[in-house]
Amino acid sequence: MFSTLSAYRTLTAVVLLLTSSLPALATEKVWDNELRRFLKDDDFKYEEFMTEEEAVKTILPKSQRVRKELIRLTQDRKELIEQRIGWKFPEDSFDLYIGETGDKVDGYAMIHNTIGKYKPMTYMVGVDPKGNCTDVELLVFRDAKGSEVGKKRFNSQYDGKTVTDPIRINKDIINISGATMSVRSMNAGVKRVLVLVDEFYLKPAGLGSDTVAVQKAERGLLGTLFGN
C-alpha cells in the first residue's frame with residue numbers, strides 16, 4: 001500500500017538531474033552566501049523523521065480505510081494548476097491518500113517533494129473534506145540547513161489554510177531565520193496540494209473553492225438587501 005521513501009516517484013527528470021548533480025557542484029566549489037564559504041559534500045545531510053506509512057496514520061488517524069490514488073495531469077490541467085498557484089513545476093503526477101469511514105471521506109494526504117535550497121525535502125500535507133489544511137509532516141530533509149520547517153511551532157501555521165490564502169512569507173506565514181528557502185519551498189508545496197485537491201476532488205463534488213465563493217457572494221448580497 002505504501003511506497004518507500006527511497007523512490008522519489010513524484011520527482012521528474014528535471015529534479016533528479018538537479019539532485020544528482022549536487023555532489024559534483026560541491027566539488028566544483030560552489031559558494032554559499034549564508035554559510036559564507038564553498039560547499040562541501042558533508043554540508044548535505046539526510047534526516048528521516050517518519051516513514052510515509054507513519055505520516056498517513058498521523059494525518060488520517062481515524063479512517064476505517066485508506067486508499068491510494070495517482071493524480072495524473074494533462075498538459076491543460078497542469079497549466080490550469082500552475083496558473084492558480086502562480087508558478088510552474090516539473091511534475092505531472094502525484095500520489096494521494098484518501099481516508100474514508102463508511103461512505104464518508106475523512107480527508108486527504110498528499111506526498112510532496114520540493115527543492116529547499118539545493119536538495120528536495122519530502123513531506124506530507126493533510127487536507128480535510130472542505131479544503132482546509134489539517135497537518136504538515138516532514139518526512140525527510142536532505143539539505144544542510146532548514147529542517148526547522150518540520151517543527152510544529154512552525155508548520156502549525158498551515159493549519160486551516162485554504163486555496164484562498166496567500167501562504168507566503170510576510171503575508172500569513174512567519175519566516176524562519178536562516179531557513180528562508182525551505183520555508184518558501186514548503187509554502188509552495190502546501191499551496192499546490194490545496195489546489196490539486198480542490199481541482200480533482202472538491203470541485204467535482206460541488207465543494208470546491210468556486211462553490212464557496214458563490215455562497216459567500218450570495219450571503220453578502222442577502223446581508224446587503226436585508227441589513228444583516
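The exercises below work through the sheet, helices, aromatic rings and unusual backbone angles of one predicted model.

The model is predicted, so local features need pLDDT of at least 70 and side-chain atom pairs count only at pLDDT 80 or more, while totals for chains, interfaces and linings use all residues. Residues are numbered from 1 along each chain as its sequence is written, and side-chain values use heavy atoms, with hydrogens and water left out.

**Exercise 1. The sheet**

Task: state the order of the strands in the open sheet, and find which strands stand at the edges.

Solution.
- Step 1. Helices (H or I, at least four residues) and strands (E, at least two) are DSSP runs, numbered from the N terminus. Two strands pair if DSSP finds at least two bridges between them.
- Step 2. The open sheet has 6 strands in the order S3-S8-S7-S6-S5-S4, with antiparallel pairing.
- Step 3. S3 and strand S4 (65-72) each have a single partner strand, so one side of each has no neighbour in the sheet. These two are the edge strands.

**Exercise 2. Two hairpins**

Task: trace the connections from S5 to S6 and from S6 to S7, and name some bridge partners of residues in S5.

Solution.
- Step 1. Strand S5 (residues 93-101) runs antiparallel to S6 and is joined to S6 by 6 bridges.
- Step 2. Within this pairing, Ile98 has Tyr108 in S6 as its bridge partner, and Leu96 has Met110 in S6.
- Step 3. S5 and S6 form a hairpin with 2 residues between them. Gly102, in the turn, has a positive phi of about 65°.
- Step 4. S6 and S7 also run antiparallel, joined by 8 bridges. They form a hairpin with 4 residues between them.
- Step 5. Tyr108 has a bridge partner in S7 too, namely Val127.

**Exercise 3. Helices on the sheet**

Task: check the length of helix H6 against its expected span, then describe how H6 and helix H3 lie on the strands.

Solution.
- Step 1. The expected span of a helix is 1.5 Å times one less than its number of residues. H6 (residues 180-202) has 23 residues and should therefore span 33 Å. Its end C-alpha atoms are 31 Å apart, which agrees.
- Step 2. Buried means under 20% relative accessible area, exposed over 50%, and partly exposed in between (1.4 Å probe, protein chains only). In H6, 20 of the 23 residues are buried, so the helix is largely enclosed by the rest of the structure.
- Step 3. Axes are lines fitted to C-alpha atoms, for helices over the stretch in contact (heavy atoms within 4.5 Å). Angles run from 0 to 180 degrees between N-to-C directions.
- Step 4. H6 lies across S4, S5, S6, S7 and S8, at about 140° to S6. Helix H3 (residues 52-59) lies across S4, S5, S6, S7 and strand S8 (133-141), at about 165° to S8.

**Exercise 4. Aromatic rings**

Task: count the aromatic pairs, classify the pair Phe44 and Tyr118, and find charges that sit over rings.

Solution.
- Step 1. Rings of Phe, Tyr and Trp (its six-membered ring) pair if their centres lie within 6.5 Å; planes under 30 degrees apart count as stacked, over 60 as edge-to-face and the rest as tilted. This rule gives 6 aromatic pairs.
- Step 2. Phe44 and Tyr118 have ring centres 5.9 Å apart and planes at 90°, so they are edge-to-face. The pair links distant parts of the chain, 74 residues apart: Phe44 is in the loop between strand S2 (37-38) and strand S3 (47-48), Tyr118 in the loop between strand S6 (104-115) and strand S7 (120-127). Both residues are buried.
- Step 3. Phe89 and Phe94 are also edge-to-face, at 6.1 Å between centres and 65° between planes. Phe89 is buried at 3% relative accessibility, and Phe94 is buried at 1%. Ring pairs link Trp87, Phe89 and Phe94 into a cluster.
- Step 4. A charge sits over a ring if NZ of Lys or CZ of Arg is within 6 Å of the ring centre and within 35 degrees of the ring normal. Lys78 lies over the face of Phe89, 4.9 Å from the ring centre. Arg77 lies over the face of Phe200, 4.1 Å from the ring centre.

**Exercise 5. Positive phi in a loop**

Task: decide whether Ile167 is buried or exposed, and do likewise for Asn170.

Solution.
- Step 1. Ile167 is in the loop between helix H5 (152-155) and H6. Asn170 is in the loop between H5 and H6.
- Step 2. Ile167 is not a glycine, yet has a positive phi of about 50°. Asn170, not a glycine either, has a positive phi of about 70°.
- Step 3. Ile167 has a relative accessible area of 3% and is buried, whereas Asn170 is exposed at 74%.
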